[in-house]
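Reader: I've got a model open and I'd like to learn how to read its features. Can we go through it together?

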Amino acid sequence: MQPRPTLFVSLLLAPLLAAQTVPPAGPAAGSTAQQEVLELSPFQVTAEAFKGYYASQTLAGSRLKMNVDEIASSVQIITPEFMQDVGATNLNQLFLFTTSTEASGIN
C-alpha cells in the first residue's frame with residue numbers, strides 16, 4: 001500500500017494555515033464618549049407584609065419583590081412564625097409540612 005499524496009501534502013501545509021482570531025475586548029472603535037453610570041433605586045424587604053402565617057409579598061418566583069397574587073407560578077411561602085410554631089430547625093423537618101416535597105433520613 002502506497003501513501004496517498006494528498007494526505008502527505010495536507011500534513012505539510014497544515015501548520016502554514018492561519019487560524020481565525022478574535023479581536024480583543026475593549027472600548028468600541030470610534031467610541032470616545034464617556035459612558036454614563038446608571039444608578040438603580042434600592043428596594044427593601046420588610047416584615048410588615050407578614051400577618052401570622054400569611055405573607056402578601058415575596059422574592060420567590062422572581063428576583064424582585066412582588067405581591068404573591070402577581071406571581072405566575074405556584075410557590076409556597078414559609079414564614080418565620082410557622083417555622084417557630086412547628087419547631088423546624090432544618091429543611092428536612094420543614095419539608096414534612098410542605099406539598100410536593102420529600103424529606104429523607106429523618107429518624
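Author: Sure, and let's start with a definition: a contact here means heavy atoms within 4.5 Å. With that in hand, threonine 98 touches Gln76 and Ile78, leaving aside residues up to four places away in sequence. Keep in mind that this is a predicted model.

Reader: Then how much should I trust it? What is the mean pLDDT of the protein?

Author: Where pLDDT is low, the predicted coordinates should not be read in detail. Here the mean pLDDT is 74, with 58% of the residues reaching 70 or more. Among the elements, helix 2 has the highest mean, 88, and strand 1 (residues 50–51) the lowest, 62.

Reader: How many helices and strands does the protein have?

Author: There are 3 helices and 4 strands, and along the sequence they run α-β-β-β-β-α-α.

Reader: Back to threonine 98. Is it buried or exposed?

Author: The cut-off for buried is under 20% relative accessible area. Threonine 98, at 16%, therefore counts as buried. This residue sits in the segment after helix 3.

Reader: And which polar partners does the side chain of threonine 98 have?

Author: One is threonine 101: a polar contact of 2.5 Å joins the two side chains. There's also the backbone oxygen of phenylalanine 95, 3.3 Å from a polar atom of the threonine 98 side chain.

Reader: How do I read aromatic rings, and how many aromatic pairs turn up in the whole structure?

Author: A pair of aromatic rings is described by the distance of the centres and the angle of the planes. Searching the whole structure gives 1 aromatic pair. Phenylalanine 82 and phenylalanine 97 sit edge-to-face, 5.9 Å centre to centre with 85 degrees between the planes. Phenylalanine 82 belongs to helix 2 (residues 80–86) and phenylalanine 97 to the segment after helix 3 (91–95), so the pair ties together parts 15 residues apart in sequence.

Reader: Are phenylalanine 82 and phenylalanine 97 buried or exposed?

Author: Phenylalanine 82 is buried, at 17% relative accessible area, while phenylalanine 97 is partly exposed, at 45%.

Reader: What about the loop between helix 2 and helix 3: which residue lies there?

Author: Alanine 88 is one of the residues in that loop. Its relative accessible area is 11%, which makes alanine 88 buried. Setting aside residues up to four places away in sequence, alanine 88 touches Met83, Gln93 and Leu94.

Reader: And the overall picture?

Author: Of the 107 residues, 9% count as buried. The protein exposes about 10000 Å², with carbon and sulfur atoms supplying 58% of that area.

Conventions: Residues numbered from 1 in each chain as written. Predicted model: local features only at pLDDT ≥ 70, side-chain atom pairs only at ≥ 80, totals over all residues. Heavy atoms only, no water. Phe/Tyr/Trp six-rings, centres within 6.5 Å; stacked < 30°, edge-to-face > 60°. Helix = DSSP H or I, 4+ residues; strand = E, 2+ residues; numbered from the N terminus. Buried < 20%, exposed > 50% of the residue type's maximum accessible area, 1.4 Å probe, protein only. pLDDT = per-residue confidence, 0-100. Areas by Shrake-Rupley, 256 points an atom, 1.4 Å probe, with all protein chains shown as cover. Polar contact = N/O pair within 3.5 Å; in protein donor to acceptor, adjacent residues only side chain to side chain.
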